[in-house]
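Open your viewer and get ready to click along. We will go from the whole chain down to single residues and single bonds.

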Amino acid sequence: IKDFKLDNKPDPVRNYILISSTFRKVTPEFIDCIKSISKEYYHRNKSDEKLIYNIYGEWINQAAVGIQWKGDDASLMSLKHDIFNVAMSYEYHEYYFRYYPDYNDYMYERAKCRVSFDTYPYGGCSTIIENLKMQIPVIVYAGEETTSNFGSFIYNRLGLDELIVYSYEEYIELALKLLFDDDFYNQIIHKLKNVDEKKYVDNNEELIHQEFTKLIKEHTKKN
């Protein structure tokens with residue numbers, strides 16, 4: 001993760017949502033969850049405001065400048081993109097793929113998002129840490145698989161248990177609470193501002209590697 005400090009963080013836009021992973025990790029169940037949130041948000045508002053999902057990522061930046069994503073040929077990537085477009089189409093929300101060649105511009109634009117949705121069962125890791133730097137709350141779903149627990153491991157370590165859910169019902173409930181309950185949202189932002197970065201970056205790479213290895217071993221034993 002590049003060293004990035006946001007000196008002038010923009011005010012978050014209430015209906016801007018960040019998808020905290022690449023679309024390659026999105027499942028039909030996760031998209032159904034997103035659609036439920038979008039529909040409820042739309043109906044709770046007294047205006048016609050819709051949620052706007054912003055999808056960023058290294059793979060978008062690379063694809064835009066003609067660099068092939070490792071492990072996927074161009075035809076497979078295009079097919080996944082087309083499937084995602086069909087699945088995400090919905091009358092109650094909008095979504096956009098964002099491309100910013102400059103890293104600082106990329107991070108600044110991401111910081112406009114009020115909240116981030118981590119994918120499940122294949123969750124993010126580096127994007128969650130990036131969002132910590134930008135003080136963006138990420139909803140993480142802790143599951144049975146190792147790939148579902150990187151986010152919950154980070155948040156447990158930092159005392160951010162309020163952002164961990166264990167079902168799609170809890171996911172939807174927490175998303176709407178972060179979108180509509182300003183007092184709760186501001187409490188979370190306050191906690192994010194006071195997170196000790198040394199617990200997850202800088203000189204603790206070896207310690208985090210050890211704990212991730214332990215996490216993987218524990219889940220391997222369970223399964």
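Here is a tour in a few stops, each with something to select.

**The whole protein**

Start with everything shown as a cartoon, and keep in mind that this is a predicted model. You should find 9 helices and 6 strands. Now switch on the surface: its accessible area is about 11900 Å², and carbon and sulfur atoms contribute 48% of that. Of the 223 residues in the protein, 48% are buried. If you like contact maps, look away from the diagonal: among contacts with a separation of 6 or more, 76% join residues 24 or more positions apart.

**Helices H1 and H7**

Select residues 28–44 for H1 and 168–180 for H7; their axes come within 10 Å and cross at roughly 40 degrees. The crossing is right-handed. Show side chains next. From H1, the contact uses Glu29, Phe30, Cys33, Ser36, Ile37, Glu40, Tyr41 and Arg44, while H7 brings Tyr168, Tyr171, Ile172, Ala175, Leu176, Leu179 and Phe180. Colour these residues by type and you get 11 nonpolar, 1 polar and 3 charged.

**Ile31, still on H1**

Stay on helix H1 and pick Ile31. Is Ile31 buried or exposed? With a relative accessibility of 6%, Ile31 falls under the 20% cut-off, so Ile31 counts as buried. Setting aside residues up to four places away in sequence, Ile31 touches Val26, Ala87 and Met88. Then draw a C-alpha to C-alpha distance from Ile31 to Tyr120: the two are 89 residues apart in sequence and 9.9 Å apart in space.

**The bond after Tyr120**

Tyr120 leads straight to the next stop. Zoom in on the peptide bond from Tyr120 to Pro121, which is cis, with omega near 5 degrees. Most peptide bonds are trans. Pro121 sits in the loop between S4 and H5.

**Helices H4 and H5**

Follow that loop into H5, residues 126–133, and add H4, residues 103–110. How do these two helices pack? Their axes are 10 Å apart and the angle is about 75 degrees; H4 and H5 are therefore roughly perpendicular to each other. On the H4 side, the contact is made by Tyr103, Tyr106, Met107 and Arg110, and on the H5 side by Thr127, Glu130 and Asn131. By type, this contact has 3 nonpolar, 2 polar and 2 charged residues.

**What covers H5**

Keep H5 selected and colour by accessibility: 7 of its 8 residues are buried. They are Thr127, Ile128, Ile129, Glu130, Asn131, Leu132 and Lys133. To see what lies over them, bring up strands S1 (13–19), S4 (113–117) and S5 (138–141) together with H4, H6 (150–158) and H8 (182–193), which are included in the cover.

Pick out Asn131 in this helix. Asn131 is buried, with a relative accessible area of 0%. Beyond neighbours within four places in sequence, its contacts are Leu18, Ser20, Arg110, Ser116, Ile136 and Val138.

**Last stop: Gln135**

Step past the end of H5 to Gln135, in the loop between H5 and S5. What is its phi? The value is near 60 degrees, positive in a residue other than glycine. Most residues other than glycine have a negative phi. Gln135 has a relative accessibility of 21% and counts as partly exposed, whereas Asn131 in H5 is buried.

Conventions. Residues numbered from 1 in each chain as written. Predicted model: local features only at pLDDT ≥ 70, side-chain atom pairs only at ≥ 80, totals over all residues. Heavy atoms only, no water. Axes fitted to C-alpha atoms, helices over the stretch in contact; angles between N-to-C directions. Helix = DSSP H or I, 4+ residues; strand = E, 2+ residues; numbered from the N terminus. Parallel < 35°, antiparallel > 145°, perpendicular 65-115°, else oblique. Contact = heavy atoms within 4.5 Å. Nonpolar A, V, L, I, M, F, W, Y, C, P; charged D, E, K, R; others polar. Left-handed = near helix turned anticlockwise from the far one by under 90°. Buried < 20%, exposed > 50% of the residue type's maximum accessible area, 1.4 Å probe, protein only. Areas by Shrake-Rupley, 256 points an atom, 1.4 Å probe, with all protein chains shown as cover.
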